[in-house]
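Hi there,

Here is the structure I promised to pass on. Have a look first, and my notes follow below.

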Amino acid sequence: MIERFLEGVVRQRLVSIACAILLVAAGLMAMRSLNIDAFPDITPVRVEVQTAAPGFAAEEVERLITHPLEVGLQGIPKTTKIKSGSKFGISVVTVYFEDDADVYWARDQVFQSLGNVTMPAGI
């Protein structure tokens, strides 16, 4: 079977060369459109909520701002974890999502959930 194929290739040289050129051209076109990153982005989809509370101690920030934010942000679909940090005058709550979640969808979900959270006056 291989012998018949090789005999056909030798007999039909122009067709064989044309097929080879087409195959190489298709390979080059596919290679040019290939998306290769030297350093792919492996960061998870996440949304950060930063809240400034000037004059509040870290314990007050945790009790009055960070904890209510964490409770209000629970239950968002495709959430994998919620992390938070409280320091003097600032609260940072980070909501992590599954890898297949769209960043803009995740931001919208967090923004909608923030409407249900009550904050102290001036925050």
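In what order do the 3 strands of the open sheet stand? The order is E1-E3-E2, with antiparallel pairing; strands and helices here are DSSP runs numbered from the N terminus (at least two residues for a strand, E, and at least four for a helix, H or I), and two strands pair if DSSP finds at least two bridges between them. E1 and strand E2 (79-87) are at the edges with a single partner strand each, so one side of each has no neighbour in the sheet. From one strand to the next the twist averages 10 degrees.

Before going further, two notes on the basis. This is a predicted model, in which local features need pLDDT of at least 70 and side-chain atom pairs count only at pLDDT 80 or more, while totals for chains, interfaces and linings use all residues. Residues are numbered from 1 along each chain as its sequence is written, and side-chain values use heavy atoms, with hydrogens and water left out.

E1 is joined to strand E3 (residues 90-97) by 7 bridges, and alanine 52 stands opposite isoleucine 90 in E3. Helix H4 (residues 103-114) packs on the sheet, where it touches E1 and E3, and its direction makes about 40 degrees with that of E1. Angles run from 0 to 180 degrees between N-to-C directions, with axes fitted to C-alpha atoms, for helices over the stretch in contact.

Threonine 51 belongs to strand E1 (residues 46-52). Is this residue buried or exposed? Threonine 51 is buried, at a relative accessible area of 12% (buried is under 20%, exposed over 50%, partly exposed in between, with a 1.4 Å probe and protein chains only). Beyond four places in sequence, its contacts (heavy atoms within 4.5 Å) include Ile65, Leu69 and Ile123. Leucine 69 in turn touches Val49, Thr51 and Ser91, among others.

You may also like the rings. The structure holds 1 aromatic pair: phenylalanine 97 and tryptophan 105, edge-to-face, at 6.2 Å centre to centre and 75 degrees between the planes. Rings of Phe, Tyr and Trp (its six-membered ring) pair if their centres lie within 6.5 Å, and planes under 30 degrees apart count as stacked, over 60 as edge-to-face and the rest as tilted. Phenylalanine 97 is buried at 2% relative accessible area, whereas tryptophan 105 is partly exposed at 29%.

Best wishes
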